[in-house]
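Work through the exercises below with the sequence and the model open. Each task is followed by a solution in steps.

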Amino acid sequence: MRDQAGADSDVVLLVSRARGLARAGELGGALGLLREAEGTEPGEHRDVLDLRARVHAQRGETAEAAECWQRVLARHPQDPTARAGLARLGRTGPVAALGRHRTRTALVAAACVVTAVVAGVVTTLDAPRTARADTDRTAGRQSPGASATPGSGQEDPGAGGPGQENDRAAARRAAALAHDLHAPGLRVTVHGESVEVAFTQGLFSEGAQLTPAGARQLALLGERLHGRHLAVTVHGHAATVPGAPRSGGSVVALWRALVAARELSAASGEPLTAFTTDSADQRDAPHPDPARNRTVTLVISPE
């Protein structure tokens, strides 16, 4: 029999892969991956069933979503996410047919795992984030030097339209989040509408083994994430060693991201489905010192 750590790792990897597919709009692929675990211990895990319910809900399959959340409650009767999901579906009391129809419509916004990805949040660190944020914010707007004329349909850059105000509000939320996350051992940087968090020292001794100091750093950061509505991507990094690939990411880096996500989930109280994980490219290492690159970085955006 595999130990509990191995089973937990299977759950983390399964949820991360399925969530990535769902965020990319591949709901069928995400559901197929989750269904493959049916009848196994990971398949009955709370986080796996919760993600299955959310994907079903996004596809409009409310009966299947309700069944998954009911299976969660069978093991965890007070689970707040499952209870809230069933309440949205109108399955916890007498609800008229019209009410059920309206609930299905509202569920797409309330229980959807596929959210609009804020610029710079879900990336593989393959381009400067500031440049990406600037490009996304200016896409579709008037180009420099163009003149706006009445009836032209172009927005005067100085007019401060709704889009620009939304950008400024998002930037203010990111700045406030960065202020709240600042702590010793962390390098917190605002990139447009998102915040990047890097650790000043390596978190792992070797492989995916956290150092005691690394575990404490993740726990402290997780506590700061508690109760917030955030999109969080954890990028794993690895020290470059002789003979190893110089680009393309690595399995070790991915495992570090998964381990860090598990620690952040435990400390924050947020489900593992709240975290997206990937391997960063070796060229995007946060430090020049290889030992300090046994770490992860986070890209966080207020939702």
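**Exercise 1.** List what Leu181 touches, not counting residues up to four places away in sequence.

Solution. The model is a predicted one. Step 1: take contact as heavy atoms within 4.5 Å. Step 2: among the residues that Leu181 then touches are Leu186, Val188, Val195 and Val197. Step 3: Leu221, Arg224, Leu225 and Ile300 complete the list.

**Exercise 2.** Place Leu181 in the largest nonpolar core, and state which elements supply the core.

Solution. Step 1: this core has 29 residues, and Leu181 is one of those with the most contacts inside it, together with Val197, Val234, Leu298 and Ile300. Step 2: at least two core residues each come from helices H8 (162-181), H9 (212-225) and H10 (251-268), and from strands E1 (186-191), E2 (194-199), E5 (230-236) and E7 (296-302). Step 3: H10 gives the largest share, 5 residues. Step 4: another core, of 14 residues, lies apart from this one and includes Ala18, Ala22, Ala30 and Leu31.

**Exercise 3.** Describe how E5 pairs with E6.

Solution. Step 1: the two strands run parallel and are joined by 5 bridges. Step 2: Thr233 has Thr276 of E6 as its bridge partner. Step 3: in E6 (residues 275-279), 4 of the 5 residues are buried.

**Exercise 4.** Do the buried residues of H5 line one face of the helix or scatter around it?

Solution. Step 1: in H5 (residues 80-89), the buried residues are Thr81, Ala82, Gly85, Leu86 and Leu89. Step 2: viewed down the helix axis, they fall within an arc of 130°, so they line one face. Step 3: at the start of H5, a side-chain oxygen of Asp79 comes within 3.1 Å of the backbone nitrogen of Thr81. Step 4: after H5 comes Gly90, with a positive phi near 75°.

How values were computed: Residues are numbered from 1 along each chain as its sequence is written. This is a predicted model: local features need pLDDT of at least 70, side-chain atom pairs count only at pLDDT 80 or more; totals for chains, interfaces and linings use all residues. Side-chain values use heavy atoms; hydrogens and water are left out. Buried means under 20% relative accessible area, exposed over 50%, partly exposed in between (1.4 Å probe, protein chains only). The arc is that of the directions from the helix axis to the C-beta atoms. A polar contact is a pair of N or O atoms within 3.5 Å; within protein, one must be able to donate a hydrogen and the other to accept it, and residues adjacent in sequence count only if both atoms are side-chain atoms. A nonpolar core is a set of buried Ala, Val, Leu, Ile, Met, Phe, Trp, Tyr and Cys residues joined through side-chain atoms within 4.5 Å. Two strands pair if DSSP finds at least two bridges between them.
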